[in-house]
Amino acid sequence: MFFQTSNMKASFLLKSEKFSVFRLVLVSFGTGTELAIMDTLVPVPKLTKKQQKERFMYYTYMLRCEDNSIYTGITTNVEHRMKEHFTKQNGAKYTYTHTAKRLEMVWETEDRALASKLEYRIKQLTKAKKEELIRKNNLEELLKENIECEKYKRLVVLEEELKYPYG
């Protein structure tokens, strides 16, 4: 529960780079019956580069390319990094020759070392295991012997964020 008044409750549902989602519930004064439910998007303000560095959050992500290959990388700013991959400006060498098609998965962690460790372990997986990871979201099952899975939080990738119309 985020907050509650005599006739309204608000719950936090989701946070991404661009916005947070809250569920607002209007409640009847007398009966406590829920009268209306509304999910609200609240924009997250753009951060300066200095603010981003101070956040100390790192992201490990998986991209699907047009040739159906999968690229894995790390970043501190998912939106900015995706723009670089999809426009082929300062993206990885791999995505210059294998055009990025869609963002598949994103995990958040507290520091670069953890993000790098997850990136390395994912890159060691076979293509079939990477596909399984995307399909089943079974990070713990696949990598529990190599990493501390509880230190990684999978972020929800919304359908409109999957494909980038840059360029």
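**A tour from Cys65 outward**

Select Cys65: with a relative accessible area of 0%, this residue is buried, a term for under 20% relative accessible area, whereas exposed means over 50% and partly exposed lies in between (1.4 Å probe, protein chains only). The model is a predicted one, in which local features need pLDDT of at least 70 and side-chain atom pairs count only at pLDDT 80 or more, while totals for chains, interfaces and linings use all residues. Residues are numbered from 1 along each chain as its sequence is written, and side-chain values use heavy atoms, with hydrogens and water left out.

**The cysteines and the whole chain**

Next select Cys149, which is also buried, at a relative accessible area of 9%. How many disulfides does a search of the whole structure find? The search gives zero, a disulfide being a pair of cysteine sulfur atoms within 2.5 Å.

Now display the whole chain as a cartoon. Seven helices and eight strands appear; these are DSSP runs numbered from the N terminus, with at least four residues for helices (H or I) and at least two for strands (E). The chain has 167 residues, of which 42% count as buried. About 10500 Å² of the chain is exposed, and carbon and sulfur atoms supply 52% of that area, as computed by the Shrake-Rupley method with a 1.4 Å probe, where for residues only the protein chains shown count as cover. Among contacts (heavy atoms within 4.5 Å) between residues at least 6 apart in sequence, 51% join residues at least 24 apart.

**The nonpolar cores**

Select Met62, Trp107, Leu118, Leu133, Leu139 and Leu143. These residues have the most contacts inside the largest nonpolar core, which has 16 residues. Strand S7 (100-109), H4, H5 and helix H6 (139-143) each give two or more residues to this core. A second, separate core of 15 residues includes Tyr59, Cys65, Val78 and Met82, so the starting point of the tour belongs to that core. A nonpolar core is a set of buried Ala, Val, Leu, Ile, Met, Phe, Trp, Tyr and Cys residues joined through side-chain atoms within 4.5 Å.

Centre the view on Met62. Leaving aside residues up to four places away in sequence, Met62 touches a set of residues including Ile70, Tyr71, Trp107, Ile122, Leu133 and Ile134.

**Helix H5**

Colour the buried residues of H5: Lys130, Glu131, Glu132, Leu133 and Ile134. The cover over them includes strand S5 (58-65), strand S6 (70-75), S7, H4 and H6. In helix H5 (residues 127-136), move to Arg135, which counts as exposed because its relative accessibility is 60%. The C-alpha atoms of Arg135 and Met105 are 9.9 Å apart, although 30 residues separate the two along the chain. Just after H5, Asn137 takes a positive phi of about 50°.

**Salt bridges**

Eight salt bridges are found in the whole structure, each a side-chain nitrogen of Lys or Arg within 4 Å of a carboxyl oxygen of Asp or Glu. Select Glu104 and Arg102, whose side chains meet in one of these at 3.3 Å, N to O; Glu104 counts as buried at 12% relative accessibility.

Proceed to Glu119 and Lys123, where the closest N and O atoms of the salt bridge are 3.1 Å apart. The two residues are separated by about one helical turn because they stand four residues apart in helix H4 (residues 112-124). Glu119 is buried at 16% relative accessibility, whereas Lys123 is partly exposed at 39%.

Back in helix H5, Lys129 and Glu132 form a salt bridge with closest N and O atoms 3.8 Å apart. Lys129 is partly exposed at 36% relative accessibility, while Glu132 is buried at 12%. Salt bridges that share partners also join Arg64, Arg102, Glu104, Lys127 and Glu131 into one network.

**The tyrosine cluster**

Finally, select Tyr61, Tyr71 and Tyr94, which form one aromatic cluster. The structure holds two aromatic pairs. In the pair of Tyr61 and Tyr71, the ring centres lie 6.3 Å apart and the planes meet at 50°, so the pair is tilted. Tyr61 lies in strand S5 and Tyr71 in strand S6, so the pair ties together parts 10 residues apart in sequence. Tyr61 is buried at 0% relative accessible area, and Tyr71 counts as buried at 13%. The pair of Tyr71 and Tyr94 is stacked, with 5.9 Å centre to centre and 20° between the planes. This pair links distant parts of the chain, as Tyr71 in strand S6 and Tyr94 in helix H3 (residues 93-97) are 23 residues apart. Rings of Phe, Tyr and Trp (its six-membered ring) pair if their centres lie within 6.5 Å; planes under 30 degrees apart count as stacked, over 60 as edge-to-face and the rest as tilted.
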